[in-house]
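Colleague: Before I rely on the terms used for this chain, I should like to hear the reasoning behind them. May we go through them one at a time?

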Amino acid sequence: MADLNDTGNPAVLDLIERTVAAARERGVDVSLCGDAGADLNLLPKLLATGLRAVSVAPVAVARVKAAIAGIGPKG
């Protein structure tokens, strides 16, 4: 089952994007909690879905903030 747990799967990213869009229409904030938010390879894709808040372990905060700053604004 572990191979089915892939946040980077296009279907999962599409679901996140649709969730963010529906929430935005209703004035509801969406955030992602878990290891995916600290995955620096996945982070640009998550931000591209419109996601603007991730929860990460304290040890990952500095590198995630630096990665986001390096990606720049997306809207």
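Modeller: The following exchange sets several terms against their cut-offs, and the model discussed is a predicted one.

Colleague: Why is T49 called buried?

Modeller: T49 has a relative accessible area of 7%. Buried means under 20%, so T49 with its 7% is classed as buried.

Colleague: Where does T49 lie in the chain?

Modeller: T49 is in the loop that links α2 (43-48) to β2 (54-55). The chain as a whole has three helices and two strands, in the order α-β-α-β-α from the N terminus.

Colleague: What makes the pair L46 and T49 a polar contact?

Modeller: A polar atom of the T49 side chain is 2.5 Å from the backbone oxygen of L46. The cut-off is a pair of N or O atoms within 3.5 Å, and 2.5 Å satisfies that distance.

Colleague: Which residues does T49 touch, beyond those up to four places away in sequence?

Modeller: T49 touches L13, I16, E17 and V20. I16, for its part, is in contact with T7, L46 and T49, its neighbours within four places being set aside.

Colleague: What makes L13, I16, V20, L32, A36, L42, L46 and L51 a nonpolar core?

Modeller: Such a core requires buried residues of the nonpolar kinds, joined through side-chain atoms within 4.5 Å. These eight residues form the largest set of that sort, and helix α1 (residues 10-25) supplies three of them, the largest share. A second, separate core has seven residues, among them L43, L47, A60 and V64.

Notes: Residues are numbered from 1 along each chain as its sequence is written. This is a predicted model: local features need pLDDT of at least 70, side-chain atom pairs count only at pLDDT 80 or more; totals for chains, interfaces and linings use all residues. Side-chain values use heavy atoms; hydrogens and water are left out. Helices (H or I, at least four residues) and strands (E, at least two) are DSSP runs, numbered from the N terminus. Buried means under 20% relative accessible area, exposed over 50%, partly exposed in between (1.4 Å probe, protein chains only). A polar contact is a pair of N or O atoms within 3.5 Å; within protein, one must be able to donate a hydrogen and the other to accept it, and residues adjacent in sequence count only if both atoms are side-chain atoms. Contact means heavy atoms within 4.5 Å.
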